[in-house]
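The following account leads the reader through a protein model by way of its ring contacts, its charged pairs and one of its sheets. Please keep the sequence and the coordinates at hand while reading.

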Amino acid sequence: MLFKLVIFSFFALNLYADIELEGVYYVENKEVNSSIITGDTKNSFPILTISDNDYLAKIKSKELIEMLNKNGYKNYQNKSSYVNFILKSPIDTSLIKQRLKEYYKKQYKNIDIEDIIVEPRTYMQSLPEEYIVDIRSRDYLFRDGTISIETPQNMKYFFNYYIKAHVMVYESRDIIKKDTKLTPLNYIKKSILLDRFRAKPLQDIEESPLQAKRHIPKGKVLTHNDAESLDVIKRDSMVNVTMYKEGMVITFSAKALQDAKVNDIIKVQNSNKKILKVKVTGLNRAEIE
């Protein structure tokens with residue numbers, strides 16, 4: 001779920017580009033002005049007032065767009081039928097932010113976190129004295145989402161969060177064919193703004209040899225779904241096989257009958273056409289256990 005106010009908190013808006021209204025904006029006070037949307041405090045105008053006994057007010061998207069148009073902001077589009085304005089809760093979310101920071105740093109070896117925003121999904125005057133933070137296992141793939149806290153009494157409270165961070169990734173320089181070894185010749189290392197990943201990006205290609213598991217288009221962030229351990233033996237290549245027998249070491253050559261990685265058990269054929277099973281130990285090397 002997209003966290004609502006933060007796009008406008010983190011990024012300057014371009015008045016000449018199409019801008020999509022968010023469904024929810026978190027506001028500092030009950031007098032809601034246009035600057036919360038446009039970022040333009042100098043030419044701000046009132047939109048609505050949240051009533052004294054409430055923390056939320058909404059307006060039809062079409063009505064809000066008309067107001068923006070009349071005041072010179074003509075590039076806004078509606079994402080949903082209504083736009084909600086929610087009064088920010090006067091609570092300290094620093095512990096929740098710290099847990100999020102630790103979580104993302106654990107998932108990415110190279111991440112530069114610039115800011116984290118956390119807001120409860122409903123207005124809260126205070127936080128429980130004791131609680132644990134529950135973060136879902138795949139939330140690190142996204143810049144925003146929903147997390148919860150749980151009290152010893154099993155009470156749950158939900159929060160929207162948004163994290164602004166840059167992560168180091170590998171991107172394909174050009175098309176990479178299946179089974180091609182991944183090297184600096186076919187990928188580039190770069191820092192990008194964390195947004196949404198379909199799978200976990202590769203962190204350290206240099207640490208262990210990898211090859212493309214599938215056809216990879218140009219300009220694609222390389223993930224764990226795209227790579228696998230490099231084949232150290234190719235089908236029909238010659239393999240040096242070692243056999244230990246009665247205190248002796250016997251070495252001979254055999255033809256591999258399949259591709260293989262380190263620790264794979266494969267079949268090879270010796271010079272007498274006999275089929276043997278061997279364990280792969282390295283580049284064009286194997287042994288009979």
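**Aromatic pairs, salt bridges and a three-stranded sheet**

The count of aromatic pairs comes to eight in this structure, which is a predicted model. One of these pairs is formed by Y170 and Y187, whose rings meet edge-to-face, with 5.1 Å from centre to centre and 85° between the planes. The pair links distant parts of the chain, since Y170 belongs to strand β11 (residues 156-172) and Y187 to strand β12 (residues 187-193), 17 residues apart. Both Y170 and Y187 are buried.

Aromatic residues also gather in a cluster, which is made up of Y103, Y104, Y108, Y140, Y161 and F197. One member of this cluster, Y140, has a charged residue over its face: K200 lies there at 5.6 Å from the ring centre. A similar arrangement involves Y82, with K58 over the face of the ring at 4.6 Å from its centre.

The charged residues may be considered next. Side chains of opposite charge can pair when their charged atoms come close. Across the whole structure, a search finds 19 salt bridges. Among them is the bridge between E22 and K79, in which the closest N and O atoms are 3.8 Å apart. E22 is located in the loop between β1 (19-20) and β2, whereas K79 is located in the loop between β6 (76-77) and β7, so this pair ties together parts that are 57 residues apart in sequence. The partners can also be described by their accessibility. E22 counts as buried because its relative accessibility is 8%, under the 20% limit. K79, with a relative accessible area of 36%, is partly exposed.

A salt bridge within a single helix is formed by R99 and E102, again with 3.8 Å between the closest N and O atoms. Both residues lie in helix α4 (residues 94-107), where a spacing of three residues corresponds to about one turn of the helix. E102 is partly exposed at 40% relative accessibility, and R99 is partly exposed at 36%.

D144 and R196 meet through their side chains in a further salt bridge, at 3.6 Å from N to O. Because D144 lies in strand β10 (residues 144-150) and R196 in the loop between β12 and β13 (210-212), the pair ties together parts that are 52 residues apart in sequence. D144 counts as buried, at 4% relative accessibility, whereas R196 is partly exposed, with a relative accessible area of 48%. Salt bridges with shared partners join these two residues with R143 and D195 into one network.

Finally, attention turns to the sheet. Three strands form an open sheet in the order β2-β7-β5, and their pairing is mixed. The edges are occupied by β2 (24-27) and β5 (56-60); each has a single partner strand, so one side of each is left without a neighbour in the sheet. From one strand to the next, the twist averages 20°. β5 runs antiparallel to β7 (residues 82-87), and five bridges join the two strands. I59 has V83 in β7 as its bridge partner. Helix α3 (residues 61-70) packs on this sheet and touches β5 and β7, with its direction at about 75° to that of β5.

Notes
Residues numbered from 1 in each chain as written. Predicted model: local features only at pLDDT ≥ 70, side-chain atom pairs only at ≥ 80, totals over all residues. Heavy atoms only, no water. Pairing = 2+ DSSP bridges. Helix = DSSP H or I, 4+ residues; strand = E, 2+ residues; numbered from the N terminus. Axes fitted to C-alpha atoms, helices over the stretch in contact; angles between N-to-C directions. Contact = heavy atoms within 4.5 Å. Phe/Tyr/Trp six-rings, centres within 6.5 Å; stacked < 30°, edge-to-face > 60°. Buried < 20%, exposed > 50% of the residue type's maximum accessible area, 1.4 Å probe, protein only. Lys NZ or Arg CZ within 6 Å of the ring centre and 35° of its normal. Salt bridge = Lys/Arg side-chain N within 4 Å of Asp/Glu carboxyl O.
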